[in-house]
Amino acid sequence: MEADGLRIGTAEREEAARLLADHFGMGRITPDEYETRVTDAYAATTLGDLRPLFRDLPPPHPGFLAPPQMPMPVYAPPPPMPYAQPVPYSYRSKTVAGVLQIVLPFGVGRFYTGQIGLGLLQLFVCVITVGFGMIWPIIDGIVLLANGGLDAEGRPLRP
């Protein structure tokens, strides 16, 4: 059934008459319009009969003439998180990789961890800079000893 066809009761008629009196008090409608509209409000039987009485007036309008409110969304808890599996350690050691980087400072520790590209880059820098580039593998070895690192497959190095 359409909303305008719904029947109204005395409470709705009295609220409409009260709001029409407010509009009359604010000077929005003339005394003759007020009398006609209040008479029509008390004679109304459906919402559709009351709606034209407020069509040309600004708010306030009767609350029952407003469009229906959208229902509030129901809170649903987030789905449970799957159990995070621990990442397995690499079979290579961070201690061995760090010591190799410091003792043989031209990328040998990175070759040991399986990171061939980084090892070749460190070797290339050491050759091009005639040994001054050895500072990079030495610092990299210290970082490997202190914080560990990852092997070529992304697994953490063993302590």
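## Helix α7 and the turn after it

G148, just after α7, takes a positive phi of about 80 degrees. The model is predicted. Helix α7 itself has 13 residues. From first C-alpha to last, α7 reaches 18 Å, close to the 18 Å expected at 1.5 Å a residue.

Four names make up the buried set of α7: P137, D140, G141 and L144. Viewed down the axis of α7, these buried residues fall within an arc of 105 degrees, so they line one face of the helix. On the other side of α7 sit I135, A146 and N147, which are exposed. The cover over the buried residues of α7 includes α4, α5 and α6.

## Q122, a buried residue of α6

Helix α6 holds Q122. Is Q122 buried or exposed? Q122 has a relative accessible area of 0%, so it counts as buried.

Which residues touch Q122, leaving aside its neighbours within four places in sequence? The contacts are Q101, F106, G107, R110, W136, P137 and D140. Two of these, P137 and D140, also belong to the buried residues of α7.

## The nonpolar surface patch

A nonpolar patch of about 950 Å² lies on the surface. Its members are V99, I102, V103, L104, F106, I116, L120, L123, V127, M134, I142 and L145. Helices α4 (94-103), α6 (116-128) and α7 (135-147) each supply at least two residues of the patch. The largest share is that of α6, with 4 residues.

F106 is one of the patch members. F106 lies in the loop between α4 and α5 (108-113). Its relative accessibility is 34%, so F106 counts as partly exposed. F106 is also in contact with the buried Q122.

## R92 and its surroundings

R92 is placed in the loop between α3 and α4. What is its relative accessible area? The value is 19%. Buried means under 20%, so R92 counts as buried.

R92 and T113 are 21 residues apart along the chain. Their C-alpha atoms are separated by 6.5 Å. Not counting residues up to four places away in sequence, R92 touches Y112, T113, G114, D151, L157 and R158. T113 thus appears in the contact list of R92 as well.

## Helix α1

Helix α1 spans residues 10-25 and has 16 residues. Its reach from first C-alpha to last is 22 Å. That is close to the 22 Å expected at 1.5 Å a residue.

The buried residues of α1 include R13, A16, A17, L19, L20 and H23. Seen down the axis of α1, the buried residues fall within an arc of 165 degrees, so they line one face of the helix. A11 and G25 are exposed on the other side of α1. Which helices are included in the cover over the buried residues of α1? They include α2 (31-43) and α3 (47-54). Just after α1, G27 takes a positive phi of about 80 degrees.

How values were computed: Residues numbered from 1 in each chain as written. Predicted model: local features only at pLDDT ≥ 70, side-chain atom pairs only at ≥ 80, totals over all residues. Heavy atoms only, no water. Expected span 1.5 Å × (residues − 1). Buried < 20%, exposed > 50% of the residue type's maximum accessible area, 1.4 Å probe, protein only. Arc of directions from axis to C-beta. Contact = heavy atoms within 4.5 Å. Patch = residues over 30% accessible without salt bridge, like charges linked within 9 Å, V, L, I, M, F, W, Y side chains within 5 Å. Areas by Shrake-Rupley, 256 points an atom, 1.4 Å probe, with all protein chains shown as cover. Salt bridge = Lys/Arg side-chain N within 4 Å of Asp/Glu carboxyl O.
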